[in-house]
Amino acid sequence: QGQLVESGGGLVQPGGSLRLSCVGSRIILRETDTGWYRQAPGKQRELVATIGTISSGRNIYYTDSVKGRFTISRDSSRNTVFLQMTSLQPEDTAVYYCNAKVGLEEYWGQGTQVTVSS
């Protein structure tokens with residue numbers, strides 16, 4: 001059974017930066033469509049960014065609210081997908097989850113908390 005493990009969350013002041021990491025175990029992330037979702041208290045989980053497989057052209061998507069501030073990337077040698085977050089705002093506060101899809105299989109990480117507060 002594949003697993004995803006996120007790390008990199010924490011408390012940061014408005015305007016600050018964080019880099020989240022998602023490491024795949026028994027999942028080859030370059031062969032999956034990998035994405036970051038987030039869920040704020042009292043809200044539904046929302047898609048933040050995705051990166052497609054290399055064979056599909058490595059398509060990248062960002063939700064409008066993070067365009068120009070967040071960057072998703074993949075390091076295949078480390079089987080890791082990153083989410084670089086800059087210019088963080090309080091509304092970015094949420095639990096961030098890594099997700100990977102390959103065929104009919106879908107995997108979720110346990111989540112990492114990001115809190116943006118002064």
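Tyr96 sits in strand β9 (strands are DSSP E runs of at least two residues and helices H or I runs of at least four, both numbered from the N terminus). Tyr96 is buried, as its relative accessible area is 0% (buried means under 20%, exposed over 50% and partly exposed in between, with a 1.4 Å probe and protein chains only). Do keep in mind that this is a predicted model, in which local features need pLDDT of at least 70 and side-chain atom pairs count only at pLDDT 80 or more, while totals for chains, interfaces and linings use all residues. Residues are numbered from 1 along each chain as its sequence is written, and side-chain values use heavy atoms, leaving out hydrogens and water.

**Around Tyr96**

- Setting aside residues up to four places away in sequence, Tyr96 touches Glu6, Leu20, Trp36, Tyr37, Arg38, Val48, Phe70, Leu83, Met85, Gly111, Thr112 and Val114 (a contact means heavy atoms within 4.5 Å).
- Gly8 is 88 residues from Tyr96 in sequence, yet their C-alpha atoms are 10.0 Å apart in space.

**The protein as a whole**

- There are eleven strands and zero helices, so you will be looking at β elements throughout the pattern β-β-β-β-β-β-β-β-β-β-β.
- The radius of gyration is 14 Å, which agrees with the value near 13 Å for a compact globule of 118 residues (it is taken over C-alpha atoms, and the globule rule is 2.2 Å times the number of residues to the power 0.38).
- Along the principal axes, the C-alpha trace spans about 40 × 25 × 25 Å.
- Of the 118 residues, 43% count as buried.
- Among contacts with a separation of 6 or more, 52% come from residues 24 or more positions apart.
- The accessible surface comes to about 6,200 Å², and carbon and sulfur atoms hold 47% of that (areas come from the Shrake-Rupley method with a 1.4 Å probe, and for residues only the protein chains shown count as cover).
- The protein carries 12 positive and 10 negative side chains, with the centres of the two sets 3 Å apart (Lys and Arg count as positive, Asp and Glu as negative, and His and the chain ends are not counted; a charge is placed at NZ of Lys, CZ of Arg, CG of Asp or CD of Glu).

**Strand pairing**

- Strand β9 (residues 94-102) runs antiparallel to strand β10 (residues 105-108), and four bridges join them (two strands pair if DSSP finds at least two bridges between them).
- In this β9 and β10 pairing, Lys101 stands opposite Glu106 in β10.
- β9 and β10 form a hairpin with two residues between them, and Gly103 in the turn has a positive phi of about 60°.
- β9 is also joined to β11 by three bridges, in antiparallel fashion, with Ala94 opposite Val114 in β11.
- Strand β2 (residues 10-12) runs parallel to β11 and is joined to it by three bridges; Val12 stands opposite Val116 in β11.
- Side chains alternate along β11 (residues 112-116): Thr112, Val114 and Val116 point to one face and are buried, whereas Gln113 and Thr115 point to the other and are not.

**Two glycines in loops**

- Gly111 lies in the loop between β10 and β11 and counts as buried, because its relative accessibility is 15%.
- Beyond its neighbours within four places in sequence, Gly111 is in contact with Glu6, Val95, Tyr96 and Tyr97.
- Gly68 belongs to the loop between β6 (60-62) and β7 (70-75) and counts as exposed, because its relative accessibility is 80%.
- Gly68 and Met85 are 17 residues apart in sequence, with their C-alpha atoms 9.6 Å apart in space.
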